[in-house]
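The following exercises ask for a careful reading of a single model, each task being followed by a solution in steps. Please look at the sequence and the structure before turning to the solutions.

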Amino acid sequence: MTSMAPEERIGSHLKRAEQALLAAKSAACKPAAVTVPQYAALLWLAEKPGISAAALARLCGVTPPTMNTVLKNLQERALIERTPHEWHRNVLETRLTDAGRAALELADSGAVRVERALAAAFTGEEREQLIRLLGRCAEVLGTQR
């Protein structure tokens, strides 16, 4: 017997919601033939062209080795290009190609539908409260490492 019932564990509920979100976004990204991590990388690259792999990993919430695998796969499909930084030759700048922008547009249209459907399930006040509560969860969990 455990000291806390499974249905009382907030983490279980967070995990279930995360898995549902990832499944919905995975289906939404399928027409663009990109995974959710690849989509996240493309999305951030559109916002921050030239960003390093390490910085991109932080924004996407993955480890640098994972991001390197994501970028390798995107580069093999010619969705991104990586070039040495002008001053720091050990740093590769990463940018979307035209094909990458097209894949991002297609994936993003599906991902935005998912996000809008999720947002529509809550009132404006509930959405703001949920965002605050999830932020608090992240803060508390950040102290538990």
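Helices (H or I, at least four residues) and strands (E, at least two) are taken as DSSP runs and numbered from the N terminus. The model is a predicted one, in which local features need pLDDT of at least 70 and side-chain atom pairs count only at pLDDT 80 or more, while totals for chains, interfaces and linings use all residues. Residues are numbered from 1 along each chain as its sequence is written, and side-chain values use heavy atoms, with hydrogens and water left out.

**Exercise 1. Place glutamate 93 in the chain and decide whether it is buried or exposed.**

Step one is the location: glutamate 93 belongs to strand β2, which covers residues 92-96. In the order of elements from the N terminus, α-α-α-α-β-β-α-α, the chain shows six helices and two strands.

Step two is the accessibility, for which buried means under 20% relative accessible area, exposed over 50%, and partly exposed in between, with a 1.4 Å probe and protein chains only. Glutamate 93 counts as buried because its relative accessible area is 17%, and 26% of the 145 residues of the chain are likewise classed as buried.

Step three is the surroundings, with contact meaning heavy atoms within 4.5 Å. Once neighbours within four places in sequence are set aside, glutamate 93 is in contact with Gly50, Ile51, Glu81, Arg82, Thr83 and His85.

**Exercise 2. Determine which residues of helix α3 are buried and which elements they pack against.**

Helix α3 spans residues 53-60, and its buried residues are Ala53, Ala55, Leu56, Ala57 and Cys60. These residues pack against α2, α4 (64-76) and β1 (80-84). After the helix comes glycine 61, with a positive phi near 70°.

**Exercise 3. Compare the accessibility of alanine 32 with that of alanine 33, and then examine alanine 78.**

Begin with alanine 32, which sits in the loop between α1 and α2 and is buried because its relative accessibility is 7%. Leaving out residues up to four places away in sequence, alanine 32 touches Arg77, Ala103, Leu106 and Ala107. From histidine 13, alanine 32 is 19 residues away in sequence and 30 Å away in space, C-alpha to C-alpha.

Continue with alanine 33, in the loop between α1 and α2, which is partly exposed because its relative accessibility is 48%.

Then turn to the backbone. Most residues other than glycine have a negative phi. Alanine 33, although not a glycine, has a positive phi of about 60°. Alanine 78, also not a glycine, has a positive phi of about 60°; it lies in the loop between α4 and β1 and is partly exposed, because its relative accessible area is 44%.

**Exercise 4. Establish which helices line the largest pocket.**

A pocket is an open set of points, on a 1 Å grid over the protein atoms alone, where a 1.4 Å probe fits, with protein on both sides within 12 Å along at least five of seven lines; lining residues have an atom within 4 Å of a point. The lining of the largest pocket consists of 25 residues, of which Ala17, Glu18, Leu21, Leu118 and Leu134 lie nearest its centre. At least two lining residues come from each of α1 (10-29), α2 (36-47), α5 (98-120) and α6 (124-142), and α1 supplies the largest share, 10 residues.
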